Amino acid sequence: MAICRFEGCKAEAVFASEFCWAHIENRSAYREKLATLIKENAPLKGVNLSKVDLSNLSLARVDLSEANLARANFSGSILFDANLKNAELLGSNLSDCDLTSANFDGSDLTRSSLQGARLWHANLRNATLVEANLSRCDLWNANLFNTRLWRTDLLQAISLSKKNFHHRANKFLSTYRLNEKGILSAEEAYRDLKSYFLANGRYDDASWASFKEKTMERLLLKKKKNLAYLPSSIMNLLCGYGEKPHRIVLSSFFVIMLYTMAYFMLKAIIYTPALRYRPVITDYIYYSVITFTTVGYGDFIPKSTLLFRFLAASEAFIGAFMIGLFIFTLARKYSAR
Ligand SMILES: [Zn+2]
């Protein structure tokens, strides 16, 4: 690593120069030299181009992986298919760049500006976009799996959907390795995404972000050993925080079957029109459904002891609660908000 030759300066010299960017006297000459070197395919992997003005250059397919590009200015440049894997891009200016198919895997884009940039098919996996500015940035088909979003300005971004965050394998990898701070920032990121999706009329994606946000909230409560974790878990199981109606159908079925088993094993019911009739298993299922839905015809009734009455009453209570919850969840999921 070469140090800048300017007296008293301790900064690292930039690539193909003896000075740092601040102490290069003829910057336009340096830019020309750099452009020539890039044209001649000089190896640029891991080089130092910190703060350098690289604006309006044609850098398609350039390999700048692991390079130090902190506070570099790329505005208006073409970085099509560029390799920026694990690059240091802190505070860099990538506004109005063509970043189609660029690879940012693991790179640090903290406080960078991506305003108006085109990121079609770009790979931002494992990248850090903390406090980055993504307004008017086109993220069509960009991969944002495991990307760190925190205070990222994405309300004005274009073509963002939940698909950006999907990944076939390792679905749970990102959430369960998070520490407390990571969960907190993820919760905030999902909240921002939710407002983005709502503002853009993508209610299904908003529902996904809302579910993720609540999941982060629950994980945080769990880490803090807060007892509010329990009701949160139950709501997740029952209805996915009002975002997953099919969960209520499943848990209702489970409750009905559980009560059927209890009634059956305790021989809890009698058939009123003919007291000698011995109820069979289908009668128990029927009785359980009629009780759960609070219909209560009265052809089958609980035997008149406290336990059997309590069982029937508790099922009716749970049934009424879950039917209400089901209607609420359906309305929430399928109505425009
Ligand atoms: Zn210097």
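Among contacts in the protein chain between residues at least 6 apart in sequence, 25% join residues at least 24 apart. The model is predicted. Its pLDDT averages 91 over the protein chain, and 96% of the residues score at least 70. Confidence is lowest in helix H2 (residues 173–176), with a mean of 50. It is highest in helix H7 (residues 281–292), at 96.

Take the overall dimensions next. The radius of gyration of the protein chain is 30 Å, whereas a compact globule of 337 residues would have one near 20 Å. Along the principal axes, the C-alpha atoms fill a box of roughly 105 × 35 × 30 Å. Buried residues account for 36% of the 337 residues.

The secondary structure comes to 8 helices and 2 strands. Read along the sequence, the pattern is α-α-α-α-α-α-β-α-β-α.

Now the loop between helix H1 (27–39) and H2. Asn-41 is found there, and so is Asn-146. Most residues other than glycine have a negative phi. Asn-41 has a positive phi of about 60° although it is not a glycine. Asn-146 also takes a positive value, with phi near 65°. Their surroundings can be counted. Asn-41 has 10 other C-beta atoms within 10 Å, so it is exposed. Asn-146 has 18 other C-beta atoms within 10 Å, so it is partly exposed.

Next comes the nonpolar interior. Nonpolar side chains tend to be buried together in soluble globular proteins. Here the largest nonpolar core has 59 residues. Leu-49, Leu-64 and Leu-99 have the most contacts inside it. The elements that give two or more residues to this core are H3 and H4. Its largest share, 7 residues, comes from H3. Apart from this core lies another, of 9 residues, among them Tyr-263, Tyr-284, Phe-300 and Leu-311.

Leu-49 offers a local view of contacts. Neighbours within four places in sequence are left aside here. Leu-49 is then in contact with Val-14 and Phe-15, with Leu-54, and with Ala-67, Asn-68, Leu-69 and Ala-72.

Follow the chain into H3, residues 180–199. This helix has 20 residues. From first C-alpha to last it reaches 29 Å, close to the 28 Å expected at 1.5 Å a residue. Its buried residues are Ile-183, Ala-186, Glu-187, Ala-189, Tyr-190, Leu-193, Tyr-196 and Phe-197. What covers them includes helix H4 (203–223). Just after H3, Gly-201 takes a positive phi of about 70°.

H4 has 21 residues. Its end-to-end C-alpha reach is 30 Å, close to the 30 Å expected at 1.5 Å a residue. The buried set in H4 includes Ala-206, Trp-208, Ala-209, Met-216 and Leu-219. Asp-205, Lys-212, Glu-213 and Arg-218 are buried in H4 too, as are Ser-207 and Ser-210. Just after this helix, Lys-225 has a positive phi of about 55°.

Further along is helix H6 (residues 245–266). At 1.5 Å a residue, its 22 residues should span 32 Å, and the end C-alpha atoms are 32 Å apart, which agrees. Which residues of H6 are buried? They are Pro-245, Ile-248, Ser-252, Tyr-259, Thr-260 and Tyr-263. Seen down the axis of H6, these buried residues fall within an arc of 110°, so they line one face of the helix.

The face of H6 turned away from the buried side carries exposed residues. These are His-246, Phe-253, Phe-254, Met-257 and Met-265. On the buried side, what covers the residues of H6 includes helix H5 (229–239), strand E1 (269–271), H7 and helix H8 (306–334). One of those buried residues, Tyr-263, is also among the residues of the 9-residue core. H6 is followed by Lys-267, whose phi is positive, near 50°.

Terms used. Residues numbered from 1 in each chain as written. Predicted model: local features only at pLDDT ≥ 70, side-chain atom pairs only at ≥ 80, totals over all residues. Helix = DSSP H or I, 4+ residues; strand = E, 2+ residues; numbered from the N terminus. Expected span 1.5 Å × (residues − 1). Buried ≥ 20, exposed ≤ 12 C-beta atoms within 10 Å, placed from the backbone. Contact = placed C-beta atoms within 7 Å. Core = buried A, V, L, I, M, F, W, Y, C linked by C-beta atoms within 7 Å. pLDDT = per-residue confidence, 0-100. Rg over C-alpha atoms; globule rule 2.2 N^0.38 Å. Arc of directions from axis to C-beta.
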